Amino acid sequence: MKRMTLPNVKWLYTLLGLLLALGLSGCTSYSVTEQEMTDYLHDNVSFNQSVGIENVMYAQVSVTDLAVKIGRTDADRVAVHANTLAKIQLFNAQKQQLDLDIEFSAIPRYDAKTGEVYLQSIRLEELTENGTPLAADIKRLIKPAVAMIGYGLSQNPVYQLDSNVLQEALIKSAQPNLVIRDNKLVIELFD
């Protein structure tokens, strides 16, 4: 049997001390702020949708800016507000460009296998142009493209833990719970 030398024992004690310190210093939860989630969406998810037939009835919706609000609309929901640019054409009429405000809200869900947060039970909360409701015919044309953006939100993660960061890797590997607290998503080991 191989004896542990003094440097190996010091290394083992250092590792045990580090793990104990992490456990005592709040490594039982990890918080994701609204800004972190907004930045993640900006960097990782593209929202450009189009529907219809060009030169007949056509709408193209592109998200130009996003903002995430956690637990503000409803205590258990995440709201995603999107400033969008919509280009629409109805029959032979001149193409119109609209500056739309779209807001979705959804319930966050944590996938423990991948360390990703997804949105589920998405609802459309707001669809306006500069704060004014859209005309019925324009709303009917735009709504499918808006629905596809909502679908895209539900199919792509809105945040992912980084396996290369020690605290996030430890949380990810431990089957944590996801809760909303103080306008943050909190991924925690214990209820």
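Trainee: Which residues form a nonpolar patch on the surface?
Mentor: Keep in mind that we're looking at a predicted model. The patch has about 370 Å² of accessible area, counted over its members together. One of them, Phe91, sits in the loop between β4 (78-90) and β5 (96-111). The full patch is Ile53, Val56, Met57 and Phe91.

Trainee: How much of the area that the chain exposes do carbon and sulfur atoms supply?
Mentor: Start from the total, about 11,200 Å² for the chain. The share from carbon and sulfur atoms is 52%.

Trainee: And how many of the chain's residues count as buried, as a percentage?
Mentor: Buried here means under 20% relative accessible area. Apply that to the 191 residues of the chain and you get 37%.

Trainee: Where in α3 does the kink lie?
Mentor: Helix α3 covers residues 136-155, and its end-to-end C-alpha reach of 28 Å is close to the 28 Å expected. Still, there's a kink of about 35° in α3. Look shortly before proline 144, and you'll land on isoleucine 142.

Trainee: What covers the buried residues of α3?
Mentor: First, the buried set: among them are Ile138, Leu141, Ile142, Ala145, Val146 and Ile149. In an α-helix, residues three or four places apart point the same way, because there are 3.6 residues a turn. The cover for the buried residues of α3 includes β2 (48-53), β3 (57-70), β4, β5 and β6 (116-129).

Trainee: Last one: how many helices and strands are in the chain?
Mentor: Read the elements from the N terminus on: α-β-α-β-β-β-β-β-β-α-β-α-β-β. The tally for the chain is 4 helices and 10 strands.

Definitions and conventions: Residues numbered from 1 in each chain as written. Predicted model: local features only at pLDDT ≥ 70, side-chain atom pairs only at ≥ 80, totals over all residues. Heavy atoms only, no water. Patch = residues over 30% accessible without salt bridge, like charges linked within 9 Å, V, L, I, M, F, W, Y side chains within 5 Å. Areas by Shrake-Rupley, 256 points an atom, 1.4 Å probe, with all protein chains shown as cover. Salt bridge = Lys/Arg side-chain N within 4 Å of Asp/Glu carboxyl O. Helix = DSSP H or I, 4+ residues; strand = E, 2+ residues; numbered from the N terminus. Buried < 20%, exposed > 50% of the residue type's maximum accessible area, 1.4 Å probe, protein only. Expected span 1.5 Å × (residues − 1). Bend = angle between axes of the 7 residues up to and from the residue. Contact = heavy atoms within 4.5 Å.
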